[in-house]
Amino acid sequence: MENKVPITAAHGDAVGPEIMNATLSIIQAAGACIDVETIEVGEKVYWRGINAGIEPSAWQSLRSTKVFLKAPITTPQGGGYKS
């Protein structure tokens, strides 16, 4: 049995989830043995008042896996949001 490689994935919003699902399917069909940790980024996070668009708790996953696969996200216009 192969060891699974941990990766962090953010499905994004708008068309992001559809793109991410297709991407992960292709990666796994190609034979990659991955263990996906999902984090939330994008519009819903911005609207919760987090101007960086990523939950502070999500950074631990990124530090741990050191691999980040991110789908497109929506960044609100104006107001000091970081994209």
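Which side chain makes a polar contact with the side chain of Thr8? The exercises below lead to this and to the sheet around it.

The model is predicted, so local features need pLDDT of at least 70 and side-chain atom pairs count only at pLDDT 80 or more, while totals for chains, interfaces and linings use all residues. Residues are numbered from 1 along each chain as its sequence is written, and side-chain values use heavy atoms, with hydrogens and water left out.

**Exercise 1. Describe the surroundings of Thr8.**

Step 1: Thr8 belongs to strand S1, a strand being a DSSP run (E) of at least two residues, numbered from the N terminus.

Step 2: With a relative accessible area of 0%, Thr8 is buried, a word that stands for under 20% (1.4 Å probe, protein chains only).

Step 3: The side chain of Thr65 makes the polar contact with that of Thr8, at 2.7 Å; such a contact is a pair of N or O atoms within 3.5 Å, of which, within protein, one must be able to donate a hydrogen and the other to accept it, and residues adjacent in sequence count only if both atoms are side-chain atoms.

**Exercise 2. Work out the order of the sheet and find its edges.**

Step 1: The open sheet is formed by 3 strands in the order S2-S1-S3, with parallel pairing, where two strands pair if DSSP finds at least two bridges between them.

Step 2: Strands S2 (34-39) and S3 (68-70) each have a single partner strand, so one side of each is left without a neighbour in the sheet.

Step 3: S1 (residues 5-10) and S3 pair over 3 bridges, and Ala10 stands opposite Lys70 in S3.

How values were computed. Helices (H or I, at least four residues) and strands (E, at least two) are DSSP runs, numbered from the N terminus. Buried means under 20% relative accessible area, exposed over 50%, partly exposed in between (1.4 Å probe, protein chains only).
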